[in-house]
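Reader: I'd like a close look at one part of this model, a strand and whatever it pairs with. Could you walk me through it and then set it against the rest?

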Amino acid sequence: MTRLRSKAAPYLLALPAWLWLGIFFVVPIIGLLWMSLMTGNIITGFTPTFNVAVYPEVVTTYWEQILRSLGYGLAATLLCIAVGYPVAYWIAFHGGAHKSTYLLLVLLPFFVTQVLRTISWKFLLADNGLVLGPFKAIGLLPEDARVLSTAVAVVFGLAYNFLPFMIMPIYAVLEQVDHRVVEAAYDLYASRFHAFVHVILPLSLPGVFAGVLLVFVPSSADYVSASVLGGTNNTMIGNIIHSQYLVNNAYPTAAAITFVLMAVLLIGIFSYARALGTERVMEVQAG
Amino acid sequence: MRKTRRPTITPAQLRGLTQARYSRRDTLRFAGLSAAALALAGCGVEGQGQQAPASENFWADKKSNGQLRFANWPLYMDPEKPELKQFTETTGIEVEYSESIQDMPSWFGEIQPLLANGDDIGADLMVLTSGQELNKLIALGHLAPLDHDQLLNFAEFAGDTYKMSAYDYGNRYTVPYASGITGIAYDPERVGREITSLKDLWDPEFEGRVGMFRDPQEIANFGLLYNGVDPADSTPEDWKAAADALKKQRDDGIVRAYYEQDYVQPLTNGDIWMTMAWSGDIFQVNAEEGTNLKFVIPEEGATLWTDNMTIPITAQNPVDALMLMNFFYNPDIAASLAEYINYICPVPHAQEVLRDKAEELSGEEKQALEDLADSPLVFPTQSDYAKLHNYVPLDVEAGEDEEFNSTFQAITQA
């Protein structure tokens with residue numbers, strides 16, 4: 001009896017999580033798939049007609065926005081690595097006694113809603129705002145230079161919003177790097193640069209891997225940045241889903257685009273995991 | 001008088017409308033992806049295309065309950081609610097007031113599933129903007145047919161324009177709460193000349209300095225009027241032509257971005273120099289930030305939208321709701337509302353009330369009230385009305401809105 005209970009314990013403990021996923025993810029996902037195959041409109045009602053044609057339709061109509069979303073997501077992810085890695089490195093190795101304070105600072109923006117944070121960027125990036133204004137004043141930028149309502153603004157907005165998702169996992173991994181390993185590298189006459197490239201960087205890759213997933217997926221599907229910071233021809237696929245659902249009440253179309261996006265992201269992630277050799281990465285982490 | 005609200009307002013500023021309450025496309029609220037839930041509720045999703053019951057049938061067994069729940073937009077009534085207090089004094093009916101409507105798509109997404117199930121939505125009276133969502137709610141039979149025998153003030157005092165609207169001719173389901181104008185706002189210093197025409201929005205001189213609205217109904221009207229087409233008579237061919245004009249405007253780089261209710265700040269910042277705008281926002285920003293923006297109704301015409309009082313079919317206290325509707329059409333009450341709201345008042349008689357009231361006052365207060373009464377943006381003249389158009393009337397039952405929306409979203413959401 002006791003043995004049975006102890007065997008079942010982990011499963012029982014995991015049960016709430018499974019129920020949660022089952023009820024709030026699997027069930028809606030199946031419903032969404034079912035929805036995507038219906039035809040009709042909100043007045044006449046939607047009937048299941050197994051209208052698979054909706055998939056090629058949304059792909060031909062919205063491939064541009066889908067590709068753009070992936071491109072913006074990728075750019076934002078790279079930006080997050082470039083900005084977030086040094087921050088995580090610095091906190092992990094030079095944060096000293098105040099590590100938790102620095103981490104709190106990293107998370108601080110999350111205490112303000114994403115919408116407000118993004119809107120405040122409009123103010124910062126305005127043509128004569130805090131960022132561009134001074135450069136224009138001293139003549140480093142032409143008078144009509146602009147960032148707001150461009151792809152650059154959207155990508156920076158995305159990177160800003162998801163940056164903590166990159167810093168946190170990288171930090172978590174760097175924090176665990178055994179300093180004796182680094183010292184060993186120095187003992188073997190590695191320069192600081194070589195110690196970083198050959199020891200610290202490989203050890204931190206699992207964190208980067210996790211960070212890339214956490215940043216790339218939500219930023220590719222984001223709709224706030226593009227609608228607030230974008231201009232003409234900066235629409236992301238999230239904006240399309242949003243307006244198909246809420247403005248047009250075209251639920252099947254919205255559902256179909258959601259699945260296309262999900263499929264594209266999953267394919268992207270799996271090929272990325274394969275290319276990077278997740279197993280090896282996991283081994284490193286375990287080891 | 002709302003002395004506290006605007007102590008130092010100039011007449012020019014007061015003339016117009018106030019607040020940025022018109023957050024009708026608050027993109028940022030994704031009101032729960034309930035499609036899945038809908039889909040699972042049955043094999044298909046039932047259409048509710050039946051009409052609401054005839055007025056007599058609906059009202060036959062209804063009686064006043066002495067209470068009422070009123071869902072409105074933010075900043076659409078004096079926070080002290082003097083009008084509601086007066087209503088309670090006269091009728092004994094208690095009103096629970098909430099500012100739960102932020103934008104039409106989200107509100108529609110919130111109440112539609114409930115109404116489809118015949119459930120109470122927590123409101124007996126709600127204010128809905130003329131537009132696709134309102135059309136859909138009417139077509140779905142989700143709104144109670146109004147009993148005009150109980151709306152005698154409306155019959156007597158409502159302006160004629162508001163009895164002949166394209167979206168609900170004869171006011172079967174709606175009576176207006178307030179109206180507003182979508183026109184052009186611009187910064188005279190940057191633009192450097194007077195703006196009078198929609199053509200100015202296509203002028204290459206303002207490349208990258210023009211803002212347009214993202215809402216399909218709003219931008220469609222401007223495209224159609226630019227082409228000289230009356231939105232009320234427009235055909236799908238006209239929509240395509242309008243979309244072509246708007247596409248050219250975009251591809252020529254004239255449009256900086258397509259905005260929702262977030263266009264005011266770029267205009268005051270100078271990111272854009274002129275933009276489609278809701279009159280009220282512009283006058284408010286002038287009053288609050290001391291800017292000198294101008295608002296014009298272009299000579300080719302502009303958009304008149306109306307926020308309407310409606311009763312959901314599942315209302316628990318429909319008779320009380322009807323009584324409040326009627327109460328708001330009392331010219332004294334309408335005048336009192338207009339003083340705060342400063343959008344177009346659907347009761348022309350309220351103008352007289354305001355003038356009379358101004359007579360009894362003196363100094364600044366008198367001036368302020370007179371300016372309000374004289375403002376063409378609160379009490380438009382017949383010639384003003386002649387230039388104002390409703391949104392394109394769409395037959396949502398025939399699915400016209402799909403073609404319409406995709407035509408214009410292809411411009412704004414490229």
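Author: Here is a walk through one strand of chain B, followed by a few other parts of that chain and then chain A. Keep in mind that this is a predicted model.

Let's start with strand β5 of chain B, which covers residues 175-186. How many of its residues are buried? The count is 12 of 12, so β5(B) is mostly covered, given that a residue is called buried when its relative accessible area is under 20%. As a general point, side chains in a regular strand alternate between the two faces of the sheet.

Now for the partners. Strand β10 of chain B, residues 302-310, pairs with β5(B) in the antiparallel sense, and 7 bridges hold that pairing. Strand β8 of chain B, made of residues 274-278, also runs antiparallel to β5(B), with 5 bridges joining the two. Then there's strand β9 of chain B, residues 294-296, which is antiparallel to β5(B) as well and pairs with it over 3 bridges.

If you want a residue to click on, try Thr182(B). Opposite it in β10(B) you'll find Thr303(B), while its bridge partner in β8(B) is Trp278(B). So much for that residue; for the β9(B) pairing, pick Ala185(B), whose bridge partner there is Phe295(B).

Staying in chain B, have a look at helix α13, residues 318-328. Why call this helix largely enclosed by the rest of the structure? Because 10 of its 11 residues are buried. The buried set starts with a run of Pro318(B), Val319(B), Asp320(B), Ala321(B) and Leu322(B). It also takes in Leu324(B), Met325(B), Asn326(B), Phe327(B) and Phe328(B).

Another spot in chain B is Thr407(B), which sits in helix α18, residues 400-412. Is Thr407(B) buried or exposed? It is buried, because its relative accessible area of 14% falls under the 20% cut-off. Setting aside neighbours within four places in sequence, Thr407(B) is in contact with Trp239(B), Lys240(B) and Ala243(B).

Over to chain A, which has 12 helices and 2 strands. Reading from the N terminus, you meet one helix, then both strands, then helices for the remainder. The strands are β1(A), residues 38-41, and β2(A), residues 45-48; they run antiparallel and are joined by 4 bridges. Together they form a hairpin with 3 residues between them, and Met38(A) stands opposite Pro48(A) in β2(A).

What does the record say about the helices here? An unreviewed UniProt entry lists "transmembrane region" for residues 12-35, 70-91, 103-125, 145-174, 195-217 and 253-273 of chain A. Two of those stretches can be set beside the model. Residues 70-91 of chain A are 100% helix and 0% strand, with the end C-alpha atoms 30 Å apart. Residues 253-273 of chain A are likewise 100% helix and 0% strand, and their end C-alpha atoms are 30 Å apart too.

Finally, some overall numbers for chain A. Its C-alpha atoms fill a box of roughly 80 × 75 × 35 Å along the principal axes. Of its 287 residues, 44% are buried. The chain exposes about 15,100 Å², and carbon and sulfur atoms supply 73% of that. Among contacts in chain A with a separation of 6 or more, 69% come from residues 24 or more positions apart. As for charge, chain A has 13 positive and 12 negative charges, whose mean positions are 10 Å apart.

Terms used:
Residues are numbered from 1 along each chain as its sequence is written. Chains are lettered from A and ligands numbered from 1 in the order in which they are written. This is a predicted model: local features need pLDDT of at least 70, side-chain atom pairs count only at pLDDT 80 or more; totals for chains, interfaces and linings use all residues. Side-chain values use heavy atoms; hydrogens and water are left out. UniProt positions are given in the numbering used here, feature names are shortened, and annotations may be inferred rather than shown by experiment. Buried means under 20% relative accessible area, exposed over 50%, partly exposed in between (1.4 Å probe, protein chains only). Contact means heavy atoms within 4.5 Å. Accessible areas come from the Shrake-Rupley method with a 1.4 Å probe; for residues, only the protein chains shown count as cover. Lys and Arg count as positive and Asp and Glu as negative; His and the chain ends are not counted. The place of a charge is taken as NZ of Lys, CZ of Arg, CG of Asp or CD of Glu. Two strands pair if DSSP finds at least two bridges between them.
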